[in-house]
Amino acid sequence: MAGMTGSRGLWLAALVCGLGWPVLSWGQSAPAAAASTAAPAVASSAPIPFAPAHQTIITTPSAPNAWGGQRTGNEPTLSDRVVSYTIDASLDAAKHQVTGKEHMTWRNRSDRPVSHVYFHLYLNAFANDGSTWFTERRVLTAHGRSRGNARLKKGQWGWVHLQQVEQGGTALKWSFVHPDGGPATDETVVRFDLAQPVPAGGTLALDINFLSQLPRVVERTGWWGDFNLVGQWFPKIGVLELPGERGATQVRWNVHEFHFNSEFYADFGLYDVHLTVPSDYTVGAVGQEQGAPVSKDGQTTYHFVQGDVHDFAWVAAKGYKTLDGSWTGPGSPKVDVRVIYPPEYVGSAAPTLKSTIAALGYFSKTLGPYPYHTVTAVIPPYNAQEAGGMEYPTFFTSEGYKKVEPGTLSQYESDFVNIHEFGHGYFYGIIASDEFEEPMLDEGLNEYWDDRMLRDTHEDITAASPLMKWLGITPTLTAFQMERLGATLRQPADPLAQNSWDRLSSTSYGTVYTRTTTAMHDLELRMGKATMAKAMRLYYQRWRFRHPSVADFRQAMIDGSGDAKDVNEIFDQFVYGTKHIDDRVASIDTRQVLPQAGVTWKDGKPVEADGTALDKQIAKQESDWKKAHPKAKPGSGGAYPWHSTVTVLRDGAQVPELLRVTFADGSHEDVHWNDDRRWARFDFVKPGKVVSAELDPQQQVYLDANKLNDSYATKPNSAASRRWSADVAAVLQAFYSMLVTL
């Protein structure tokens with residue numbers, strides 16, 4: 001979802017991993033329905049366990065052949081299509097209900113027969129207050145900022161009801177399970193007991209009739225008035241992971257409950273969907289429309305098909321308009337770009353189209369060509385903002401503004417959310433990381449790349465309304481500076497690699513966006529922009545149409561940069577740890593290097609220097625020097641040099657720092673502090689004394705929690721305070737300008 005639009009958090013009581021593992025009953029294996037590339041079946045009566053509910057941080061890279069190995073581009077399909085869905089769906093617009101008939105096929109990639117399969121019924125998260133989603137929301141909205149706070153009233157709940165499930169004409173039994181130890185009242189994961197096990201390498205075919213009731217928009221999906229965003233709406237099979245894939249050491253089902261913070265994870269496949277809606281409704285969906293819509297008796301049927309994706313969502317809204325454009329680029333097909341918008345937000349249509357096309361160009365150039373033929377952006381209506389900022393393959397929702405004025409906050413916000421949601425098409429869509437367990441790989445890396453695009457296109461946050469601009473008040477802030485302000489750098493509660501539900505608070509979950517971006521910014525600072533870009537492109541090329549882990553991302557960054565030291569430091573401190581950085585200049589001590597009284601030895605004989613005589617000598621030489629340099633600044637020189645000592649202290653993790661010392665004559669000298677000492681002293685013997693010292697003078701180390709103590713002056717100097725307090729001032733100005741434009 002869109003970053004910086006409100007963070008979400010969760011809490012779940014810790015239970016032992018494996019609680020709720022299914023007990024499988026094995027039967028005679030049916031003949032394989034498709035050619036198998038899996039190993040021969042392993043005779044085993046042991047149940048296939050769930051992926052861990054809590055110990056989810058992955059530190060071991062996946063096997064080279066994980067998910068069939070790296071895609072070369074020479075395969076018949078972009079992805080290894082494990083599933084296919086053929087769905088006929090009909091919308092009852094008055095009730096906001098979708099009646100569906102689903103034919104699903106799924107290939108058993110494992111080396112053993114499968115007697116039970118597990119499906120997500122995501123809409124049941126909105127069925128009642130007893131779901132995992134609502135249970136976690138009650139705790140986490142009390143301990144952090146969050147979106148998704150709407151209260152549902154009578155007639156506004158959402159659910160999905162299984163009407164019939166058949167395997168080869170045989171009705172199947174089902175039951176609800178709780179892989180993460182959630183409340184017994186949660187019904188977001190269901191187990192189907194198969195009539196015939198699926199052999200190793202074999203294919204399962206299921207026919208499912210279901211009825212989905214959309215909730216009033218509370219988060220990500222639902223209805224408002226005549227607007228229907230139909231997401232997480234159909235029964236969807238979980239992922240069977242094999243050893244060597246994303247930290248798995250055995251075959252396991254990855255099928256987590258729908259948590260308050262979590263999003264999604266699924267196999268790649270083919271979607272072939274017919275949608276029937278009232279004829280006066282505008283429709284948009286994942287994928288390419290097939291032929292012209294067919295209308296009959298006031299209803300119109302649309303046909304969409306898309307391969308090599310892992311989800312399908314659509315919108316049906318009465319009275320909505322469309323704005324079309326296109327994009328072409330090297331290595332990509334011609335891409336049709338459509339914006340679907342309500343009349344009240346016509347002002348957002350053209351800016352959304354423009355920024356989406358710009359994002360197509362940037363991501364295709366910097367990561368890899370966009371492989372699909374369509375992009376559809378949907379602007380939700382007024383009062384349905386929680387439906388905005390949501391992503392699906394080739395399809396996303398944005399945010400609406402009555403007017404998007406260039407050079408104001410409205411333009412930045414519109415551009416940012418469009419770039420961010422389109423960017424998900426790469427990090428969530430094509431790379432297909434597990435948003436349940438490793439949200440930083442999607443939300444965090446996507447936000448980092450969004451900010452790179454904004455930096456490369458010189459688009460800063462202009463926190464000004466038209467009135468403020470007229471008054472000449474135009475505070476600005478870069479995207480990376482804004483991320484830093486919200487990154488909770490001083491006391492991070494959770495590692496970035498943590499899953500989406502084991503978080504201290506909604507605010508802590510929000511740092512998946514901001515602290516990941518800040519950490520990647522500082523890793524880029526150490527590597528260099530071009531090297532970071534090379535490593536990110538390698539990550540994309542290696543893991544497109546597969547499912548990487550955080551450990552796979554780390555390995556790609558090392559391989560792509562050749563800089564294991566800096567990559568491992570960032571990962572150990574921030575991705576896998578909760579370190580903080582706070583380096584500071586503690587003191588500056590200066591003294592002149594004067595002749596010393598006392599006894600010294602010369603040619604084997606003691607020589608005594610008389611203090612009184614030395615004082616007279618020093619006084620005369622200083623007087624003579626001042627006469628010769630009448631315009632010299634105090635401390636800038638003298639008859640004798642100055643010895644200055646600068647002391648720096650480290651409170652937190654090690655970080656390479658540049659220390660700039662400035663002398664009284666205005667000259668400066670840079671030294672590097674790049675070791676693990678907790679404190680260090682740097683000595684300078686110069687004609688003039690040191691008058692100030694500053695760590696990170698170009699203000700590039702964004703992970704440093706407190707920039708105000710980076711500098712020290714022998715005389716009061718408020719420059720640093722003024723500079724960094726400007727960050728806060730800009731944020732306040734942005735808030736005030738937002739109020740003005742409401």
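1. In this predicted model, the charged end of Arg-546 is placed over the ring of Trp-543, at 4.0 Å from the ring centre. A second arrangement of this kind involves Arg-246, which lies over the face of Tyr-265 at 5.5 Å from the ring centre.

2. Aromatic pairing deserves a separate comment. A pair of aromatic rings is described by the distance of the centres and the angle of the planes. With centres taken to pair within 6.5 Å, the count comes to 39 aromatic pairs. One of them is formed by Tyr-85 and Phe-234; their ring centres are 5.2 Å apart and their planes meet at 70 degrees, so the pair is classed as edge-to-face. This pair links distant parts of the chain, 149 residues apart: Tyr-85 belongs to strand S1 (residues 83-92), whereas Phe-234 is in the loop between strand S10 (227-230) and strand S11 (236-237). Tyr-85 and Phe-234 are both buried.

3. Another aromatic pair, Tyr-370 with Tyr-426, is tilted, with 6.4 Å from centre to centre and 40 degrees between the planes. Here too distant parts of the chain are linked, across 56 residues: Tyr-370 lies in the loop between helix H2 (346-366) and strand S22 (374-378), and Tyr-426 lies in helix H3 (residues 409-430). Both Tyr-370 and Tyr-426 are buried.

4. Ring pairs also build a cluster, whose members are Tyr-122, Phe-126, Trp-133, Phe-134, Trp-157, Phe-258, Phe-260 and Phe-264.

5. Which residues have the most contacts inside the largest nonpolar core? They are Trp-106, Val-117, Trp-233, Trp-253, Phe-312, Trp-314 and Phe-363, in a core of 169 residues. Helix H3 supplies the largest share of this core, with nine residues. Leaving aside residues up to four places away in sequence, Val-117 touches Trp-106, Val-190, Arg-191, Phe-192, Leu-194, Leu-204, Leu-206, Ile-237 and Trp-253. Apart from the core of 169 residues lies another core, of 15 residues, which includes Val-646, Val-661, Phe-682 and Leu-695.

6. The surroundings of strand S30 (residues 642-650) may be read together with that other core. Eight of the nine residues of S30 are buried, so the strand is largely enclosed by the rest of the structure. Strand S27 (residues 583-592) runs antiparallel to S30 and is joined to it by nine bridges; Arg-591 stands opposite His-643 of S30. S30 is also joined to S33, by eight bridges and again in the antiparallel sense. Within that pairing, Val-646 has Phe-682 in S33 as its bridge partner, and both residues are among the members of the 15-residue core.

7. An open sheet of four strands follows the order S32-S31-S34-S35, with antiparallel pairing. Strand S32 (668-673) and strand S35 (711-713) form its edges, each pairing on one side only. From one strand to the next, the twist averages 15 degrees. Strand S31 (residues 657-663) is connected to S34 by five bridges, antiparallel, and Phe-663 stands opposite Val-690 in S34.

8. Gly-688 is located in the loop between strand S33 (679-686) and strand S34 (690-695). Is this glycine buried or exposed? Gly-688 counts as buried because its relative accessibility is 5%, below the 20% cut-off. Its contacts, not counting residues up to four places away in sequence, are Gly-635, Ser-636, Gly-637, Trp-642 and Phe-663. The C-alpha atoms of Gly-688 and Thr-662 are 9.7 Å apart in space, while the two residues are 26 apart in sequence.

9. Two backbone conformations should be noted. Most residues other than glycine have a negative phi, and most peptide bonds are trans. His-96, in contrast, has a positive phi, near 60 degrees. It is placed in the loop between S1 and strand S2 (97-107), and it counts as buried because its relative accessibility is 8%.

10. Gln-232 is the second case: it is not a glycine, yet its phi is positive, at about 50 degrees. This residue is in the loop between S10 and S11, the loop that also holds Phe-234 of the edge-to-face pair. With a relative accessible area of 3%, Gln-232 is buried.

Conventions
Residues numbered from 1 in each chain as written. Predicted model: local features only at pLDDT ≥ 70, side-chain atom pairs only at ≥ 80, totals over all residues. Heavy atoms only, no water. Phe/Tyr/Trp six-rings, centres within 6.5 Å; stacked < 30°, edge-to-face > 60°. Helix = DSSP H or I, 4+ residues; strand = E, 2+ residues; numbered from the N terminus. Buried < 20%, exposed > 50% of the residue type's maximum accessible area, 1.4 Å probe, protein only. Lys NZ or Arg CZ within 6 Å of the ring centre and 35° of its normal. Core = buried A, V, L, I, M, F, W, Y, C linked by side-chain atoms within 4.5 Å. Contact = heavy atoms within 4.5 Å. Pairing = 2+ DSSP bridges. Axes fitted to C-alpha atoms, helices over the stretch in contact; angles between N-to-C directions.
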